[in-house]
Amino acid sequence: MTTNEESINDGLLERLVKNDENKVVNCRSSADNIEGHKLRHGTDSFPNINERPVDDISIEFFYKPHSITLLLISIGAVIYSAFTRNTTSVEDNIWAGILCIIFFFLIISILTFPNGPFTRPHPVVWRLVFGCSVLYLMGLLFMLFQDYETVRKIFVWIDPRLASFHIDMDKEYGVNCSEITVEKIWNHLDIFAVAHFLGWAFKAILIRHLGILWAISVMWEVTEIAFAHLLPNFVECWWDAFILDVVVCNGLGIWVGLKICSLLEMREYKWVSILDIESTTGKLKRAMLQFTPGSWTAIRWLDPTCTYMRFVALCQLVIFWQVSELNTFFLKHVYEFPPSHPFVVARLVLVGVIVAPSVRQYYMYVTDPTCSRVGTQCWVYGAIMVTEALLCIRHGAALFERTQALNILLWLLCQSLISVLCVYGCVLWHRYFEGTWFILQNLWVCWKRSSCKQIHNKERST
């Protein structure tokens, strides 16, 4: 009996080794590892990430254009609003005109803009996201050509409460760091700490790479130190920065996000049409599952023989992520918004939903040699990130006059060095240790299964 079990385990080990070798061979022979790869005619995968088609349509009504119906409803809504509303207030008229422009622009977005790489819950959702991102970019570009006072007056006109709010530059942060009490730590675990944790869980679901995530996490703490002389709220006690932020919020968020990814990756995706389900409960469950991914693809940013171009692209991703995060705090500081203001929250939500398809399109562009260009949503988000940074520099000129050049140079050096070391370390891991780790994991599973089987047989014999 023992000999049979040993032979079974040896055979399983041989299969695991062969599977692991096949994975490495496939990675090395894949087209994304060949420098100077030339695209063959008809092999461009760009359309699949820029406007992915919907597979297995069960209810065709929801996927037909209905363009004439939409046109009639839109014109009817405009006629009713234009001829029935009170036009005595100039401000209300301006607001109505702006909302009407936004309404029709989003309608055009639904009809003409690409789906992007996602089709759940419905392509219309991602067309609207793309439309909102274009509107946001147009608004940023408009503000870029105005002076600070004009932009500030626009914000005050939208929300008059901002006129009385100003950031207290004399407020001290990170004081009495040697006094560590449970009450003091508990007071730091507020709604912003929860948002911090959820944000990192979301980032982990998007990036799905432990090394890149930890590099971004550590580099952000370096960023806070470098810009603390410009943004007072970046000044933190050591235990707040490294224990609460890095270990608790970042680390726990990364772990939860990657755990969700592993569960979704192991899940079996067999979608049944809602029309084929008989029970009402089953139909409701299927309707709710429409808001979950249609499939889940394992992400492999790096492999043992990845090209230099992919290496550079990963370093760029890490640095661009830092710039995008930094824009959030500088915009809030330059235009003087409270941390919980609807403008700040709306921007975070909008950027979050924009980043999801952007990261996917960037991943495909980096890893798939048959993808000839970056996705449209990713391109728009790149323009948004650069325009936000230009706005902060242009309208925050008074703030940046206090810039300590040495701090910024050291920050740029650290950003470049850590990103390169992180990505290179990940390459070495995938090259020398990933196969061994995969075999050890499976050996551990086999050993546990055989041990459980032996215990079960002993219990049966007794």
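User: How many disulfides does the structure hold?
Analyst: The structure, which is a predicted model, holds 0 disulfides. A disulfide would call for a pair of cysteine sulfur atoms within 2.5 Å.

User: What makes Cys 261 and Cys 392 count as buried or exposed?
Analyst: The cut-off for buried is a relative accessible area under 20%. Cys 261 has a value of 5% and is therefore buried, and Cys 392, at 2%, counts as buried too.

User: How many salt bridges are there, and what makes the contact between Arg 161 and Asp 159 one of them?
Analyst: The structure holds 3 salt bridges. In the pair formed by Arg 161 and Asp 159, nitrogen and oxygen of the side chains lie 3.0 Å apart, and because the definition asks for a side-chain nitrogen of Lys or Arg within 4 Å of a carboxyl oxygen of Asp or Glu, the pair qualifies. As to the surroundings of the two partners, Arg 161 has a relative accessibility of 59% and so counts as exposed, whereas Asp 159, at 8%, is buried.

User: Why is the pair of Lys 203 and Glu 325 called a salt bridge, and which parts of the chain does this pair link?
Analyst: The N to O distance between these side chains is 2.4 Å, to be set against a limit of 4 Å, so the pair is a salt bridge. Distant parts of the chain are linked here, since Lys 203 belongs to helix α8 (residues 191-207) and Glu 325 to helix α12, 122 residues apart. Lys 203 has a relative accessibility of 13%, so this residue counts as buried.

User: Where do Arg 347 and Glu 388 lie, and are they buried or exposed?
Analyst: Arg 347 and Glu 388 form a salt bridge whose closest N and O atoms are 2.9 Å apart. This pair also links distant parts of the chain, with Arg 347 in helix α13 and Glu 388 in helix α14 (residues 376-395), 41 residues apart. Arg 347 and Glu 388 are both buried.

User: Why does Glu 336 have no salt bridge?
Analyst: For the buried Glu 336, the nearest side chain of opposite charge is that of Arg 152, 4.1 Å away, and because a salt bridge requires 4 Å or less, this pair does not count. Glu 336 is placed in the loop between α12 (308-334) and α13 (342-367). A polar atom of the Glu 336 side chain lies 3.1 Å from the backbone nitrogen of Ile 167. Beyond four places in sequence, the residues that Glu 336 touches include Tyr 148, Arg 152, Phe 165 and His 166.

User: What makes the pair of Ser 217 and Asn 250 a polar contact?
Analyst: Their side chains come to 2.7 Å of one another, and the limit for a polar contact is 3.5 Å, so the pair is counted. Ser 217 is found in helix α9 (residues 210-226), and since its relative accessible area is 0%, this residue is buried.

User: Why is Leu 71 called partly exposed?
Analyst: The relative accessible area of Leu 71 is 44%, a value between the 20% and 50% cut-offs, so this residue is partly exposed. Leu 71 sits in helix α3 (residues 67-84).

User: Which parts of the model have low pLDDT?
Analyst: The protein averages a pLDDT of 78, and among its elements helix α1 (residues 2-29) has the lowest mean, 46. Over residues 1-6 the pLDDT stays under 50, and over residues 16-42 it is likewise below 50. Where pLDDT is low, the predicted coordinates should not be read in detail.

Methods. Residues numbered from 1 in each chain as written. Predicted model: local features only at pLDDT ≥ 70, side-chain atom pairs only at ≥ 80, totals over all residues. Heavy atoms only, no water. Helix = DSSP H or I, 4+ residues; strand = E, 2+ residues; numbered from the N terminus. Buried < 20%, exposed > 50% of the residue type's maximum accessible area, 1.4 Å probe, protein only. Polar contact = N/O pair within 3.5 Å; in protein donor to acceptor, adjacent residues only side chain to side chain. Lys, Arg positive; Asp, Glu negative; His and termini not counted. Contact = heavy atoms within 4.5 Å. pLDDT = per-residue confidence, 0-100.
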